[in-house]
Amino acid sequence: MREYLEKVRKTVPLVHNITNYVTVNDVANVILACGGSPIMSDEAEDVEDITAVCGGLNINIGTLHKTSIEAMFRAGRKANELGHPVLLDPVGAGASALRTSTALGLMRELNLAVIRGNISEIKTLAKGSGTTKGVDADAADAVTEENLDESISFVKSFAKACGSIIAVTGAIDLVTDGSACYVIRNGRPEMGKITGTGCQLSGMMTAYAAANPEHPLEAAAAAVCVMGLAGEIGWSRMQEGDGNATYRNRIIDAVYNMTGEDLEKGAKYEVR
Amino acid sequence: MREYLEKVRKTVPLVHNITNYVTVNDVANVILACGGSPIMSDEAEDVEDITAVCGGLNINIGTLHKTSIEAMFRAGRKANELGHPVLLDPVGAGASALRTSTALGLMRELNLAVIRGNISEIKTLAKGSGTTKGVDADAADAVTEENLDESISFVKSFAKACGSIIAVTGAIDLVTDGSACYVIRNGRPEMGKITGTGCQLSGMMTAYAAANPEHPLEAAAAAVCVMGLAGEIGWSRMQEGDGNATYRNRIIDAVYNMTGEDLEKGAKYEVR
Amino acid sequence: MREYLEKVRKTVPLVHNITNYVTVNDVANVILACGGSPIMSDEAEDVEDITAVCGGLNINIGTLHKTSIEAMFRAGRKANELGHPVLLDPVGAGASALRTSTALGLMRELNLAVIRGNISEIKTLAKGSGTTKGVDADAADAVTEENLDESISFVKSFAKACGSIIAVTGAIDLVTDGSACYVIRNGRPEMGKITGTGCQLSGMMTAYAAANPEHPLEAAAAAVCVMGLAGEIGWSRMQEGDGNATYRNRIIDAVYNMTGEDLEKGAKYEVR
């Protein structure tokens, strides 16, 4: 997977982010850490110009506003027109009508290269409705070793139906284009105690997609491995008394320092 | 106080935050650190759905927008209807007409479980007007050992008048429901050199209120002790060359690692 | 330069920031670190009251919204009326029509004490249009030892033309009022891998301007030296495995701990 990481560092893709104000700073820093360059803009009158100078668009609905929704559609159409990859992170889809309908609307109207979310959000999009409690996946939905076959076949068929790469992240991550499915087992459960590791992954994955247009599936899977491996490396550097705030920094630091060789050695995946 | 801390870790209350974009990331991470789960939403059309899946609502007026004001009222009414505790953090009340009038309007219209602010903000609300300089308390207003009796009687009578728990934080913290008043002496003056320790406390206090509905006063006081004690523990881990950025992380880390026993041993309070 | 640093610590200037939501938390913490006190407000109906209680106004267009643009003009006029220094950070001017026109409009309508940006943004403002790619300077525009004379004469004449102090930051920093030009060689290239070091500098520079009204040029130059020197000190404290997230904290920590004597010893500049 090293070539996808190295391509990002070499080409420094500019990523346009329309994202929530909770985790936006970490998203910017992780995009820089992986070798990309972030720019944020969510004003409808600004987004077409901004997305035009970028290589990819990351749409995250974590703190929707009416005005930013309009910006998402305008930026998305422009990015589609220019052939830039567009990623959707449907944060909280299923937890409110506005989030669900906005995510579904973006899926209908835009050509999405990747949809990345937790399993409850992805199930909501697949069913067209949901009842997620908040921004975390419901435990009952979790992808486990026990339901793995079934989960893979669900994400594959959803990927086929919507024509996007689907990346479901959790204890076990699944990334599929409908044909092959990467099953990834990097990461640490403690990452769930930091706000925004999912948002960070979406930002980084957009950089990977922009830098590797010939290999969208492999690039998305590589980004998932980088984030999970950074979680493992960051955890190994934790000291007595450290907690989630320090862990957040150590993960971004680990992305910053990760080489292609580190990734090659540390990535834990199989293709099914 | 250990039982209130442990109840948060056990029940993982979901907290809806309508808060400022300055300190929102730290608020999310401290809620995770204490054992809760945060969700942010301030779009009027989104907030009723979101607050309905949560256990408590934290309203912070640190960066008001016209649209978020509407969201505060709508979310607050919904939370009241559902019996969820609602906390108000009147950041900068007294520093602008909009902040003062919004805070007073929220007090009039909503049933607030807790109002948490610095002494100048609380005095502004009690008097119905104020002239605070910025977001910090005026030195002349400070609660001190010298004016403690008078300060306690002021917060008790204000708590009675408005029917909310009042939590005033500063060098000495006061938390009262109008009958008993917790006088808390945890914390470090250097916490004032970090943006948002007050906002963090409000988020965490909402998690404590949501998890401990039978003991609102004790839960609010426990949250104040946790934050102050975390400030002390975090400070004890500071190294040569560390400053306010690192201190911020160490405080959240200390909340993350704090056990009921640590709190029991470290909380410094009397009830008056 | 120590007197300008010490004056900030002594007078604790209150700085009103209308800034982007990406780096706002770091801006607040660096203003606290240098000895000032930050307040954020970007609602048009709130900003006049808020700017009136402050000593300086920092306008940063990093994530423009239609509503915040109105707030920038209203706050700027009020600050001008009160004689407070107003700083403009034209983030991304040249990358979109909205950013360019907003920055030019603010220049026309307001009396700006300082304009601080990267060289591509400043060239865009000087020419009245531009084609910057994103929020970083184009490599072709960079100030280098080779084009230094020419660069100095460009910034001097632009400063004269617009009547503001111009601060261009990059590998070599230039700060001029049209007569004298500080050429500053502090800093580290790795600072470009952290989001918002420029935004942080703008916030800190506004605190310096507010605290040193008699010496606007020297105060602006001192702030540039503080930020660059903090970047050097922060870098010297980096350990194996640290990356851009930790570096961000170490820089703010270094600002927090910097004394007038440290600055005097570490500042690397000449006046041309």
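**Contacts and symmetry of the chains**

Chain A meets chain B through a contact that takes 28 residues from chain A and 27 residues from chain B in this predicted model. On the side of chain A that touches chain B, two or more residues each are given by α5 (97-109) and α10 of chain A. The largest share of this side comes from α10(A), with four residues. By class, the residues of chain A that face chain B comprise 13 polar, nine nonpolar and six charged.

Chain A also touches chain C, and here the contact draws on 27 residues of chain A and 28 residues of chain C. At least two residues of the side of chain A that touches chain C are supplied by each of α2 (24-34), β2 (37-40), α3 (44-53) and α10 (244-257) of chain A. The element that gives the most to this side is α2(A), with six residues. The side of chain A that touches chain C divides into 13 nonpolar, seven polar and seven charged residues. Helix α10 of chain A is thus listed among the contributing elements on the side that touches chain B and on the side that touches chain C.

The relation between copies was examined by superposition. A turn of 120 degrees, with a shift of 0.0 Å along the axis, lays chain A on chain B with an RMSD of 0.0 Å. The two copies are therefore related as by a three-fold rotation axis. The surfaces used by the copies are different, as 11% of the contact residues of chain A recur in chain B. Among the residues of chain A, Y21(A) comes closest to the rotation axis, with its C-alpha at 3.6 Å.

Within chain C, helix α1 (residues 2-11) packs with helix α8 (residues 197-211) at an angle of about 85 degrees, and the axes of the two helices are 9 Å apart. Because of this angle, α1(C) is roughly perpendicular to α8(C). Helix α1(C) takes part in the contact through Y4(C), K7(C), V8(C) and T11(C), while α8(C) contributes A207(C), Y208(C) and A211(C). Five of the residues in the contact of α1(C) with α8(C) are nonpolar, one is polar and one is charged.

As to confidence, the mean pLDDT of chain A is 97, and 100% of the residues of chain A reach 70 or more. For the model, the scores are ipTM 0.97 and pTM 0.98.

Definitions and conventions. Residues numbered from 1 in each chain as written. Chains lettered and ligands numbered in written order. Predicted model: local features only at pLDDT ≥ 70, side-chain atom pairs only at ≥ 80, totals over all residues. Contact = placed C-beta atoms within 7 Å. Nonpolar A, V, L, I, M, F, W, Y, C, P; charged D, E, K, R; others polar. pLDDT = per-residue confidence, 0-100. Least-squares fit on C-alpha atoms with pLDDT ≥ 70 in both. Axes fitted to C-alpha atoms, helices over the stretch in contact; angles between N-to-C directions. Parallel < 35°, antiparallel > 145°, perpendicular 65-115°, else oblique.
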